[in-house]
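Walk through this model one region at a time. Keep the sequence and the coordinates side by side.

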Amino acid sequence: MIDDAAKANLYGYLKHQREAVLAKLDGLSEYDVRRPLTVTGTNLLGLVKHLATWEARYLGEVFDRPFPEPLPRWDVEAERLADMWATEQESRSDIVDRYRRVWNHSDATVYALALDATGRVAWWQDAEVPLFNVLVHLLAETSRHAGHADILREQLDGAVGTDAEAMAVKPHDAAFWTERCEEIEAAARSAG
């Protein structure tokens, strides 16, 4: 009973974070979801592509339930780095649809296995790892990238929140945030 509740809780949080990541794409142009917004090229659509790839690995091949579509190799740097951005041939809908197909595949894995079922994580020095640990890792990883997506989206147009509805509500105008940033800047300069 406790295992079922723990699995439902962990997986419920993971599902929420997945949706939060996808919501960050809503209302943006193709250019804005793809353009590099950090020194390393991090972008919103690349985060979705990356999360799809790694969730497919963790809740697929780790438990000998491979995702039925090809994945880039994890042990070849050029292929591993290619999952962080979208080429001009890859459409937003293709990447989002793939992520949703990964979710369906992951759902089947999670529902089929007990929390103590073990899988082999080749990129963790072939460690035998229970589903519980993999779910915790995926939740942490997806939440981390959801946070990245939050900041990237805020940089693009000031939208904040975990879903399209929340991002549409703007409780403060640009003048409020300009004043707020000036206050924070002044405090930082005084402390420095």
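**From hairpin to pocket**

R120 in strand β1 stands opposite E128 in strand β2. This is a predicted model: local features need pLDDT of at least 70, side-chain atom pairs count only at pLDDT 80 or more, and totals for chains, interfaces and linings use all residues. Residues are numbered from 1 along each chain as its sequence is written, and side-chain values use heavy atoms, with hydrogens and water left out. Helices (H or I, at least four residues) and strands (E, at least two) are DSSP runs, numbered from the N terminus.

β1 covers residues 118–121. Its partner β2 covers residues 127–130, runs antiparallel to β1 and is joined to it by four bridges. Strands count as paired if DSSP finds at least two bridges between them. Side chains alternate along β1: G119 and V121 point to one face and are buried, whereas T118 and R120 point to the other and are not. Buried means under 20% relative accessible area, with a 1.4 Å probe and protein chains only. Five residues lie between the strands of this hairpin, and Q125 has a positive phi near 55°.

Helix α6 spans residues 131–157. How far apart are its end C-alpha atoms? They are 38 Å apart, which agrees with the 39 Å expected for 27 residues at 1.5 Å a residue. That expected span is 1.5 Å times one less than the number of residues. The buried residues of α6 include L131, L135, L138, H145 and R153. After α6 comes G158, with a positive phi near 80°.

G158 also belongs to the largest pocket, where it lies nearest the centre together with E154, V160, H172 and W177. A pocket is an open set of points on a 1 Å grid over the protein atoms alone, where a 1.4 Å probe fits, with protein on both sides within 12 Å along at least five of seven lines; lining residues have an atom within 4 Å of a point. This one holds about 210 Å³ of space, taken as the space filled by probe spheres set on the points. Helix α8 (residues 174–191) gives the largest share of the lining, three residues.

Note on methods:
Buried means under 20% relative accessible area, exposed over 50%, partly exposed in between (1.4 Å probe, protein chains only).
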